[in-house]
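Here is a short report on one protein chain. Look at the structure first, then read on.

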Amino acid sequence: MRFLLLWTSLILTLCVTQHLQATEINRFQYGLNELLIPASERCKILPEEPNLAAALVACEEAANQGNPEAQFLLGELYLIGQVIPQDYNKAKHWFEQASTNGHAKAQYQLAFMYYRGEGMKQDYTQAYIMMKMAAVNGYTEAIDVSDEIGSLMDRDQRALAFYTLSKIFQDYAQHLKQSVPSRLDLQTKPQGSNHNNIIEAKPQD
(Lines give C-alpha, C1' and ligand atoms only; values in the text may rest on other atoms or scores of the structure.)
Protein backbone atom coordinates (compact mmCIF):
# COMPACT_ATOMS: atom_id res chain seq x y z
CA MET A 1 0.00 0.00 0.00
CA ARG A 2 2.82 2.42 0.87
CA PHE A 3 4.52 1.63 -2.48
CA LEU A 4 1.24 2.32 -4.30
CA LEU A 5 0.84 5.72 -2.59
CA LEU A 6 4.41 6.70 -3.43
CA TRP A 7 3.96 5.59 -7.05
CA THR A 8 0.70 7.57 -7.37
CA SER A 9 2.34 10.66 -5.88
CA LEU A 10 5.28 10.34 -8.31
CA ILE A 11 2.98 10.05 -11.33
CA LEU A 12 0.95 13.10 -10.19
CA THR A 13 4.13 15.15 -9.74
CA LEU A 14 5.39 14.19 -13.19
CA CYS A 15 2.06 15.06 -14.80
CA VAL A 16 1.98 18.49 -13.13
CA THR A 17 5.61 19.17 -14.12
CA GLN A 18 4.99 18.18 -17.73
CA HIS A 19 1.86 20.33 -17.82
CA LEU A 20 3.73 23.39 -16.57
CA GLN A 21 6.57 22.83 -19.02
CA ALA A 22 4.19 22.31 -21.92
CA THR A 23 2.26 25.52 -21.23
CA GLU A 24 5.48 27.47 -20.61
CA ILE A 25 4.05 29.68 -17.86
CA ASN A 26 5.78 31.18 -14.87
CA ARG A 27 4.37 31.65 -11.36
CA PHE A 28 2.46 34.79 -12.41
CA GLN A 29 0.79 33.27 -15.47
CA TYR A 30 -2.17 31.70 -13.72
CA GLY A 31 -4.57 31.13 -16.55
CA LEU A 32 -3.74 27.42 -16.95
CA ASN A 33 -2.67 26.41 -13.44
CA GLU A 34 -4.98 28.36 -11.16
CA LEU A 35 -5.67 25.22 -9.12
CA LEU A 36 -2.02 25.25 -8.06
CA ILE A 37 -2.03 28.92 -7.04
CA PRO A 38 -4.17 30.09 -4.09
CA ALA A 39 -6.57 32.92 -4.80
CA SER A 40 -4.68 35.14 -2.34
CA GLU A 41 -1.67 35.04 -4.71
CA ARG A 42 -3.43 35.49 -8.04
CA CYS A 43 -3.85 39.25 -7.75
CA LYS A 44 -0.47 40.17 -6.28
CA ILE A 45 0.66 41.45 -9.64
CA LEU A 46 3.74 43.62 -10.05
CA PRO A 47 4.07 46.35 -12.70
CA GLU A 48 6.76 44.30 -14.49
CA GLU A 49 4.43 41.29 -14.82
CA PRO A 50 5.42 39.66 -18.15
CA ASN A 51 1.93 38.44 -18.97
CA LEU A 52 -0.33 41.02 -17.37
CA ALA A 53 -3.43 40.16 -19.41
CA ALA A 54 -3.38 36.48 -18.38
CA ALA A 55 -2.74 37.36 -14.73
CA LEU A 56 -5.66 39.79 -14.65
CA VAL A 57 -7.97 37.25 -16.28
CA ALA A 58 -7.08 34.67 -13.62
CA CYS A 59 -7.56 37.24 -10.89
CA GLU A 60 -10.98 38.27 -12.21
CA GLU A 61 -12.04 34.63 -12.56
CA ALA A 62 -11.27 34.03 -8.89
CA ALA A 63 -13.11 37.23 -7.94
CA ASN A 64 -16.15 36.35 -10.08
CA GLN A 65 -16.27 32.94 -8.43
CA GLY A 66 -16.85 34.71 -5.12
CA ASN A 67 -13.42 34.54 -3.52
CA PRO A 68 -13.36 37.55 -1.14
CA GLU A 69 -9.56 37.80 -1.03
CA ALA A 70 -9.33 37.95 -4.81
CA GLN A 71 -12.14 40.51 -4.85
CA PHE A 72 -10.30 42.67 -2.34
CA LEU A 73 -6.95 42.43 -4.12
CA LEU A 74 -8.55 43.25 -7.46
CA GLY A 75 -10.18 46.27 -5.84
CA GLU A 76 -6.78 47.42 -4.60
CA LEU A 77 -5.29 47.10 -8.09
CA TYR A 78 -7.94 49.45 -9.46
CA LEU A 79 -7.70 51.80 -6.47
CA ILE A 80 -3.92 52.21 -6.52
CA GLY A 81 -3.57 52.32 -10.30
CA GLN A 82 0.10 51.34 -10.52
CA VAL A 83 -0.26 48.08 -12.44
CA ILE A 84 -3.46 48.90 -14.33
CA PRO A 85 -5.20 52.24 -14.96
CA GLN A 86 -6.87 53.63 -11.86
CA ASP A 87 -10.62 53.09 -11.89
CA TYR A 88 -12.53 54.13 -8.77
CA ASN A 89 -15.81 52.63 -10.02
CA LYS A 90 -14.25 49.18 -10.47
CA ALA A 91 -12.37 49.50 -7.18
CA LYS A 92 -15.64 50.32 -5.40
CA HIS A 93 -17.40 47.42 -7.11
CA TRP A 94 -14.85 44.83 -6.02
CA PHE A 95 -14.53 46.22 -2.51
CA GLU A 96 -18.31 46.03 -2.19
CA GLN A 97 -18.32 42.41 -3.38
CA ALA A 98 -15.63 41.49 -0.86
CA SER A 99 -17.42 43.47 1.86
CA THR A 100 -20.63 41.50 1.43
CA ASN A 101 -18.49 38.39 1.98
CA GLY A 102 -17.27 39.79 5.30
CA HIS A 103 -13.80 40.93 4.20
CA ALA A 104 -12.82 43.44 6.89
CA LYS A 105 -9.99 45.15 5.01
CA ALA A 106 -12.23 45.65 1.97
CA GLN A 107 -14.75 47.34 4.25
CA TYR A 108 -11.92 49.49 5.61
CA GLN A 109 -10.81 50.56 2.14
CA LEU A 110 -14.38 51.18 1.03
CA ALA A 111 -14.92 53.35 4.10
CA PHE A 112 -11.94 55.49 3.10
CA MET A 113 -13.29 55.85 -0.43
CA TYR A 114 -16.51 57.26 1.04
CA TYR A 115 -14.54 59.41 3.48
CA ARG A 116 -12.35 60.91 0.76
CA GLY A 117 -15.01 61.00 -1.92
CA GLU A 118 -12.95 58.92 -4.33
CA GLY A 119 -15.08 58.28 -7.40
CA MET A 120 -18.23 59.13 -5.47
CA LYS A 121 -19.80 61.86 -3.39
CA GLN A 122 -18.12 62.25 0.00
CA ASP A 123 -20.29 60.54 2.60
CA TYR A 124 -19.20 60.53 6.26
CA THR A 125 -22.22 58.51 7.32
CA GLN A 126 -21.50 55.64 4.94
CA ALA A 127 -17.79 55.88 5.73
CA TYR A 128 -18.55 55.54 9.45
CA ILE A 129 -20.86 52.56 8.90
CA MET A 130 -18.32 50.70 6.78
CA MET A 131 -15.49 51.51 9.20
CA LYS A 132 -17.53 50.15 12.11
CA MET A 133 -18.27 46.98 10.14
CA ALA A 134 -14.55 46.56 9.49
CA ALA A 135 -13.89 46.90 13.22
CA VAL A 136 -16.61 44.38 14.09
CA ASN A 137 -15.09 41.95 11.60
CA GLY A 138 -11.72 42.14 13.30
CA TYR A 139 -9.77 44.92 11.59
CA THR A 140 -8.54 46.71 14.72
CA GLU A 141 -7.13 49.75 12.89
CA ALA A 142 -10.71 50.67 12.00
CA ILE A 143 -11.67 51.30 15.63
CA ASP A 144 -9.80 54.57 16.11
CA VAL A 145 -10.47 55.71 12.54
CA SER A 146 -14.22 55.25 12.99
CA ASP A 147 -14.07 57.47 16.09
CA GLU A 148 -12.24 60.14 14.09
CA ILE A 149 -14.86 60.02 11.35
CA GLY A 150 -17.61 60.13 13.96
CA SER A 151 -16.18 63.36 15.37
CA LEU A 152 -16.74 65.00 11.95
CA MET A 153 -20.40 64.00 11.73
CA ASP A 154 -23.32 66.13 12.78
CA ARG A 155 -26.16 64.89 14.96
CA ASP A 156 -28.37 63.77 12.07
CA GLN A 157 -25.53 61.87 10.41
CA ARG A 158 -24.69 60.05 13.65
CA ALA A 159 -28.35 59.21 14.23
CA LEU A 160 -28.66 57.74 10.74
CA ALA A 161 -25.43 55.78 11.14
CA PHE A 162 -26.46 54.35 14.52
CA TYR A 163 -29.90 53.41 13.20
CA THR A 164 -28.41 51.69 10.13
CA LEU A 165 -25.86 49.76 12.19
CA SER A 166 -28.50 48.64 14.70
CA LYS A 167 -30.70 47.45 11.81
CA ILE A 168 -27.79 45.52 10.32
CA PHE A 169 -27.07 43.80 13.64
CA GLN A 170 -30.76 43.07 14.29
CA ASP A 171 -31.12 41.49 10.85
CA TYR A 172 -27.98 39.44 11.43
CA ALA A 173 -29.22 38.27 14.85
CA GLN A 174 -32.55 37.29 13.29
CA HIS A 175 -30.73 35.37 10.58
CA LEU A 176 -28.73 33.47 13.21
CA LYS A 177 -31.90 32.74 15.17
CA GLN A 178 -33.55 31.24 12.09
CA SER A 179 -30.53 29.26 10.91
CA VAL A 180 -29.18 27.93 14.23
CA PRO A 181 -31.46 25.70 16.35
CA SER A 182 -31.79 26.82 19.95
CA ARG A 183 -30.53 24.73 22.88
CA LEU A 184 -34.15 24.12 23.92
CA ASP A 185 -34.94 22.73 20.45
CA LEU A 186 -31.95 20.39 20.64
CA GLN A 187 -33.11 19.11 24.04
CA THR A 188 -36.75 18.56 23.17
CA LYS A 189 -36.60 17.36 19.56
CA PRO A 190 -35.96 13.67 18.82
CA GLN A 191 -32.42 12.85 17.72
CA GLY A 192 -32.47 11.85 14.05
CA SER A 193 -34.73 9.11 12.84
CA ASN A 194 -33.98 6.71 15.72
CA HIS A 195 -36.97 8.12 17.60
CA ASN A 196 -39.32 6.56 15.07
CA ASN A 197 -37.55 3.23 15.14
CA ILE A 198 -37.93 2.54 18.87
CA ILE A 199 -40.14 -0.53 19.50
CA GLU A 200 -41.40 -0.96 23.05
CA ALA A 201 -40.93 -4.42 24.46
CA LYS A 202 -44.21 -6.02 25.44
CA PRO A 203 -44.45 -8.59 28.19
CA GLN A 204 -44.94 -12.08 26.91
CA ASP A 205 -48.12 -13.95 27.86
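## Charged pairs and helices

Lys 132 and Asp 147 form a salt bridge, with their closest N and O atoms 3.9 Å apart. This pair links distant parts of the chain. Lys 132 lies in helix α7 (residues 124–136), while Asp 147 lies in helix α8 (residues 141–151). The two are 15 residues apart. Lys 132 is partly exposed, with a relative accessible area of 23%. Asp 147 is also partly exposed, at 44% relative accessibility.

Keep in mind that this is a predicted model. Its protein chain has 10 helices and 0 strands. Along the sequence, the pattern reads α-α-α-α-α-α-α-α-α-α.

How many salt bridges does a search of the whole structure find? The search finds 4. Side chains of opposite charge can pair when their charged atoms come close. The table gives three of these bridges.

| Salt bridge | Closest N and O atoms | Place |
|---|---|---|
| Lys 92 with Glu 96 | 2.6 Å | helix α5 (residues 88–100) |
| Lys 167 with Asp 171 | 3.1 Å | helix α9 (residues 155–179) |
| Lys 132 with Asp 147 | 3.9 Å | helices α7 and α8 |

Now take the pairs that sit within one helix. Lys 92 and Glu 96 are 4 residues apart in α5, so about one helical turn separates them. Lys 167 and Asp 171 are likewise 4 residues apart, in α9, so about one helical turn lies between them. Why does that spacing suit a pair? An α-helix has 3.6 residues a turn, so residues three or four places apart point the same way.

Are these side chains buried or exposed? Glu 96 is partly exposed, with a relative accessible area of 27%. Lys 167 is partly exposed at 36% relative accessibility. Asp 171 is partly exposed at 42%.

## Helix α9 and its surroundings

Helix α9 has 25 residues. From first C-alpha to last, α9 reaches 36 Å, close to the 36 Å expected at 1.5 Å a residue. At its start, a side-chain oxygen of Asp 154 comes to within 3.2 Å of the backbone nitrogen of Asp 156.

Helix α9 also holds Phe 169. This residue is partly exposed, at 36% relative accessibility. Together, Val 136, Ile 168 and Phe 169 make a nonpolar surface patch of about 240 Å².

## Helix α4, an enclosed helix

Helix α4 (residues 68–80) has 13 residues. It reaches 18 Å from its first C-alpha to its last, close to the 18 Å expected at 1.5 Å a residue.

How many of the 13 residues of α4 are buried? The count is 10, so α4 is largely enclosed by the rest of the structure. Buried here means under 20% relative accessible area. Among the buried residues are Phe 72, Leu 73, Leu 74 and Leu 77. The list also includes Gln 71, Glu 76 and Tyr 78.

Both ends of α4 are worth a look. At the start, a side-chain oxygen of Asn 67 reaches to within 3.1 Å of the backbone nitrogen of Glu 69. Just after the helix, Gly 81 takes a positive phi of about 75 degrees.

## The whole chain

Step back to the full chain. Buried residues make up 31% of its 205 residues. The chain exposes about 14,000 Å², and carbon and sulfur atoms supply 55% of that area. Now count contacts between residues at least 6 apart in sequence: 44% of them join residues at least 24 apart.

How values were computed. Residues are numbered from 1 along each chain as its sequence is written. This is a predicted model: local features need pLDDT of at least 70, side-chain atom pairs count only at pLDDT 80 or more; totals for chains, interfaces and linings use all residues. Side-chain values use heavy atoms; hydrogens and water are left out. A salt bridge is a side-chain nitrogen of Lys or Arg within 4 Å of a carboxyl oxygen of Asp or Glu. Buried means under 20% relative accessible area, exposed over 50%, partly exposed in between (1.4 Å probe, protein chains only). The expected span of a helix is 1.5 Å times one less than its number of residues. A polar contact is a pair of N or O atoms within 3.5 Å; within protein, one must be able to donate a hydrogen and the other to accept it, and residues adjacent in sequence count only if both atoms are side-chain atoms. Patches are made of residues with over 30% relative accessible area and no salt bridge: like charges are joined within 9 Å, nonpolar side chains (Val, Leu, Ile, Met, Phe, Trp, Tyr) within 5 Å. Accessible areas come from the Shrake-Rupley method with a 1.4 Å probe; for residues, only the protein chains shown count as cover. Contact means heavy atoms within 4.5 Å.
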